[in-house]
Amino acid sequence: CTRRPPRAPGLPHAPSAADAPSSSRLRLRDDCASETAFVARSSGMPAMWRLILSCTAGHSSLRLMKPGVTATAAMFAEGGVPVYDADAAVHSIYEQGGLAVEPLGERFPSVIVDGDVSRQRLRDIVMEDPDAMKDLEAIVHPLVGQTQIEFRTSALKSGAGLAVLDIPLLYETGGDKRCDYVAVVSAPPEVQSERVMARNEMSESDFEKIVAKQVPDAEKRARA
């Protein structure tokens, strides 16, 4: 960051661009403190400096490509760092009684099975219909965003100096603008494809369509 927020008691100063080694591929954004300050104001707390690190996959098709990212996030969790799991948040709003069940049921009646949202049925509908995809995103993104704000508020109140966001479609949704650092967990294309095919939950054709709609793996690694 070019602007250094006040140092919180007992915490090291907030890193600036000058603090980062020239060889480092981690880049701090100029607006890195804005989201933390927003959460602090929303919770009625003073804005104390926290670092937000996001972990995302080279190619993200939700939980199908998450093993590497999940393992990475788990390393932080084992060290006592608060970790937000975006896929778990989606699961919680898709299950019976979840916030997304009613609005998705109104827009896509056939995706509700035994009170839950069927991801497979939902994917089958939106894969070939751009308008349906836009409707899905308009319903789900605000609901997931609310769960992330709640997590950030909780992490801030806990006094943790670092919080980790495990978000599959980070760059695709502009989520990187609300983070200080981004770590991309990647694997060779053939390994990614093998992992998805081994689960028998998606056809190779569907996988290729999903990949084609995402920010390329090489670009994610370059921007991390």
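**Entry 1: a strand pair.** I began with strands β2 and β5, which run parallel and are joined by 3 bridges. I looked up one position and found V83 opposite V164 in β5. I note here that the model is predicted.

**Entry 2: the other partner of β5.** Next I checked strand β1, residues 51-57. I found 5 bridges between β1 and β5, and these two strands also run parallel. For L51, I traced the bridge partner in β5 to L162. I remind myself that strands of a sheet pair through backbone hydrogen bonds, either parallel or antiparallel.

**Entry 3: the whole sheet.** Which order do the strands take? I read it as β2-β5-β1-β6, an open sheet of 4 strands with parallel pairing. Which strands stand at the edges? I found β2 and β6 (181-185) there. Each has a single partner strand, so one side of each is left without a neighbour in the sheet. I also looked up the turn between neighbouring strands of this sheet: on average it is 20°, direction ignored.

**Entry 4: helices on the sheet.** I looked at what packs on the sheet and found α6, which touches β1, β2 and β5. The direction of α6 makes about 160° with that of β5. I then turned to helix α3, residues 86-94. This helix lies across β2 and β5 and runs at about 50° to β2.

**Entry 5: how enclosed is β5?** I checked burial along strand β5, residues 162-166. Of its 5 residues, 4 are buried, so the strand is largely enclosed by the rest of the structure.

**Entry 6: aromatic rings.** How many aromatic pairs does the structure hold? I found 1. The pair is Y84 with F151, and their ring centres are 5.5 Å apart. Their planes stand at 45°, so I log the pair as tilted. I then placed the two residues: Y84 is in strand β2 (residues 83-85), and F151 is in helix α6 (residues 130-158). They are 67 residues apart, so the pair links distant parts of the chain. Are these residues buried or exposed? Y84 is buried, with a relative accessible area of 5%. F151 also counts as buried, at 14% relative accessibility.

**Entry 7: a positive phi.** Most residues other than glycine have a negative phi, and most peptide bonds are trans. I therefore noted D114, a residue other than glycine whose phi is positive, near 55°. Where is D114? I found it in the loop between β3 (112-113) and β4 (116-117). Is D114 buried or exposed? D114 counts as exposed, at 70% relative accessibility.

**Entry 8: totals.** I closed with the protein chain as a whole. It has 9 helices and 6 strands. Of its 224 residues, 43% are buried. I looked up the contacts with a separation of 6 or more, and residues 24 or more positions apart account for 70% of them. The accessible surface comes to about 11700 Å². Carbon and sulfur atoms hold 56% of that surface.

Terms used: Residues numbered from 1 in each chain as written. Predicted model: local features only at pLDDT ≥ 70, side-chain atom pairs only at ≥ 80, totals over all residues. Heavy atoms only, no water. Phe/Tyr/Trp six-rings, centres within 6.5 Å; stacked < 30°, edge-to-face > 60°. Buried < 20%, exposed > 50% of the residue type's maximum accessible area, 1.4 Å probe, protein only. Pairing = 2+ DSSP bridges. Contact = heavy atoms within 4.5 Å. Areas by Shrake-Rupley, 256 points an atom, 1.4 Å probe, with all protein chains shown as cover. Axes fitted to C-alpha atoms, helices over the stretch in contact; angles between N-to-C directions.
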